[in-house]
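Me: I've got a protein to look at and I'd like to talk it through with you. Can I throw some questions your way?

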Amino acid sequence: MSKIEDRLTELGYDLPELAAPVAAYVPAVTSGNYVYTSGQLPFVKGELPATGKVSDSGAEGFVDPETAQKLASLSALNALAAVKSVIGDLDRITRVVKVVGFVSSDPSFTGQPAVINGASLLLGEVFGDAGVHARSAVGVPVLPLDSPVEVEIIVEYA
């Protein structure tokens, strides 16, 4: 097991199996010394733990921001699994360059950055200074399979 996977275990996470694509794409590609992942949903053993739009209204049928933040961290874990699938060893990552997060949002919800912090904080905990990255957090009306969040990452590797 790699040092990065050991670190994930220390933090209470397991690197998941690679999530199967839900359409005509691959989970990750390399170009030069970079890996670009496709958007990753928060699958756990092939299932979404929650669906729906994120709202801080507390209304029934919505996903609360705290749950969505945890889902963003699961999406980041799935993105790391996608990276591993193309470079073989997460210890080869020298820097997390960019995180792009999408949040399926109720029209009045403006807390997308806090939700995507779930992914950013996880990557920072795992990679330390090499996990500090540029980021976008975007609210959207709907995501595939009614997922509350989707995360893609770009990493540099040696």
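Reply: Sure! One term to start with: a residue is called buried when its relative accessible area is under 20%. Also keep in mind that this is a predicted model.

Me: Okay, is E5 buried or exposed?

Reply: Buried means under 20% relative accessible area. E5 has a relative accessible area of 12%, so it falls below that cut-off. That makes E5 buried.

Me: Which side chain does E5 meet in a salt bridge?

Reply: Some background helps here: side chains of opposite charge can pair when their charged atoms come close. E5 sits in helix α1 (residues 3-10), and its partner is in helix α2 (residues 65-87), 79 residues apart. The N to O distance is 3.0 Å, and the partner is K84.

Me: And what does K84 count as, given its relative accessibility?

Reply: Exposed needs over 50% and buried needs under 20%, with partly exposed in between. K84 comes in at 29% relative accessibility, so it counts as partly exposed.

Me: How many salt bridges does a search of the whole structure find?

Reply: Besides the E5 and K84 pair, R7 forms a salt bridge with E10, with the closest N and O atoms 3.1 Å apart. R7 and E10 both lie in helix α1, three residues apart, which is about one turn of the helix. R7 is partly exposed at 29% relative accessibility, while E10 is exposed at 61%. The search of the whole structure finds two.

Me: What about E150: which side chain of opposite charge is nearest to it?

Reply: E150 is in strand β5 (residues 149-157). Leaving aside neighbours within four places in sequence, its contacts include G39, V100, F102 and P144. E150 is buried yet has no salt bridge. The nearest side chain of opposite charge is 12 Å away, and that's K53.

Me: Zooming out, in what order do the elements of the protein run from the N terminus on?

Reply: There are three helices and five strands to place. From the N terminus on, they run α-β-β-α-β-α-β-β.

Me: Why is the protein called as compact as a globular protein of that length?

Reply: The globule rule takes the number of residues, here 158, and gives 15 Å. The protein's own radius of gyration is close to that, so it is as compact as a globular protein of that length. The value for the protein is 15 Å.

Me: Last one: what share of the 158 residues is buried?

Reply: E5 and E150 are both buried. For the protein's 158 residues, the buried share is 44%.

Key:
Residues are numbered from 1 along each chain as its sequence is written. This is a predicted model: local features need pLDDT of at least 70, side-chain atom pairs count only at pLDDT 80 or more; totals for chains, interfaces and linings use all residues. Side-chain values use heavy atoms; hydrogens and water are left out. Helices (H or I, at least four residues) and strands (E, at least two) are DSSP runs, numbered from the N terminus. Buried means under 20% relative accessible area, exposed over 50%, partly exposed in between (1.4 Å probe, protein chains only). Lys and Arg count as positive and Asp and Glu as negative; His and the chain ends are not counted. A salt bridge is a side-chain nitrogen of Lys or Arg within 4 Å of a carboxyl oxygen of Asp or Glu. Contact means heavy atoms within 4.5 Å. The radius of gyration is taken over C-alpha atoms; the globule rule is 2.2 Å times the number of residues to the power 0.38.
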